[in-house]
Amino acid sequence: MRLTVHHETRYRFTEPQARIVQLLRLFPADTSHQTVVNWRIDVDCDARLREGFDGYGNVTRMLYAEGPVDALVLTVSGEALLTETDGPIEGTDEPFPPDLFRRVTSLTRADALIKGLGQGDDLAAMTALARAIHARWPLDRRPTPTIRPAIEAASAARLAPRDMAQIFIAAARARGVPARYVSGYSLSGDDERRTAAPHAWAEAYVSGGWYAFDPATGGRSGLDHIRVAVALDAAGAAPIAGVRMGAGEEELDVDVRVGSEVE
């Protein structure tokens, strides 16, 4: 399947900014499951983009915009070909061994509720874990203003995909299974009314490889997921992170459109 993405992020400032520096994790890489056909970023002001990689091997761009800047629009557009397979994800840049992803962070601690979501440490058990999270918490795709720890999120009535992914990771690590957070894009909804948004899911290292699981859908991730960045938790895989130098308030507006075409 071929997926097309148009992701526009608009910043407006009540007072001009002297400088803006951002780390962008918005560029997918080729894997055994996906091939990036084309991908680009456009900025509507005078800015420099420097290509690089973060500590997890994610493709990054550092953005530097000198002021005065009273508005900034980032536009990401691209296409990726996705293939479905029952095997693990291969062809990724892996600077760390899987055991690193057993490390518990402040966002991925597990309490009794999270530990009680199931048992087992194999592929079937991780699939059952994704299904259990999906069944327990109704999905709310509205983004939360801040990243919540898994324990805090678990007390809510409804969860965003980001929360479900972190609960999955916390539960998996509590069983000794390496697990990591994944940010990217996905389609959702039925065939007649497909919508899209930046999405989050998880990968667990079982049966000798990394397998992707999406608690928001209750199973394995498939042809409608474009994998962009991985990290220990949501903070480490944030699509955009940065600082601005200047007074005033910031307004943010995001528009994402993802289309699909069967190859």
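A polar contact is a pair of N or O atoms within 3.5 Å; within protein, one of them must be able to donate a hydrogen and the other to accept it. The exercises below use this term and concern a predicted model.

**Exercise 1. His7**

Task: State where His7 lies, decide whether His7 is buried or exposed, and find the residue that its side chain joins in a polar contact.

Solution:
- Step 1. Strand β1 covers residues 2-24, and His7 lies in this strand.
- Step 2. Buried means under 20% relative accessible area. His7 has 6% relative accessibility, so His7 counts as buried.
- Step 3. The side chains of His7 and Thr9 are joined by a polar contact of 3.4 Å.

**Exercise 2. Thr31**

Task: Place Thr31 in the chain, decide whether Thr31 is buried or exposed, and list what Thr31 reaches and touches.

Solution:
- Step 1. Thr31 is found in the loop between β1 and β2, where β2 covers 34-43.
- Step 2. The relative accessibility of Thr31 is 13%, so Thr31 counts as buried.
- Step 3. At 3.0 Å, the side chain of Thr31 reaches the backbone nitrogen of His33.
- Step 4. Leaving out residues up to four places away in sequence, Thr31 touches Ile89, Glu90, Gly91, Thr92 and Arg227.

**Exercise 3. Gly52**

Task: Describe the surroundings of Gly52 and give the separation of its C-alpha atom from that of Arg142.

Solution:
- Step 1. Gly52 belongs to strand β3, residues 47-53.
- Step 2. With 18% relative accessibility, Gly52 counts as buried.
- Step 3. Residues up to four places away in sequence are not counted; Gly52 then touches Asn58, Val59 and Thr60.
- Step 4. Gly52 and Arg142 are 90 residues apart along the chain, and 31 Å separates their C-alpha atoms.

**Exercise 4. The whole chain**

Task: Count the helices and strands, explain why the chain is as compact as a globular protein of its length, and describe its contacts, burial and charges.

Solution:
- Step 1. The chain has 4 helices and 11 strands.
- Step 2. The globule rule gives 18 Å for 263 residues, and the radius of gyration of the chain is 18 Å, so the chain is as compact as a globular protein of that length.
- Step 3. Of the 263 residues, 48% count as buried.
- Step 4. Take the contacts between residues at least 6 apart in sequence: 75% of these join residues at least 24 apart.
- Step 5. There are 29 positive and 37 negative side chains, and the centres of the two sets lie 5 Å apart.

Conventions: Residues numbered from 1 in each chain as written. Predicted model: local features only at pLDDT ≥ 70, side-chain atom pairs only at ≥ 80, totals over all residues. Heavy atoms only, no water. Helix = DSSP H or I, 4+ residues; strand = E, 2+ residues; numbered from the N terminus. Rg over C-alpha atoms; globule rule 2.2 N^0.38 Å. Buried < 20%, exposed > 50% of the residue type's maximum accessible area, 1.4 Å probe, protein only. Contact = heavy atoms within 4.5 Å. Lys, Arg positive; Asp, Glu negative; His and termini not counted. Charge placed at Lys NZ, Arg CZ, Asp CG, Glu CD.
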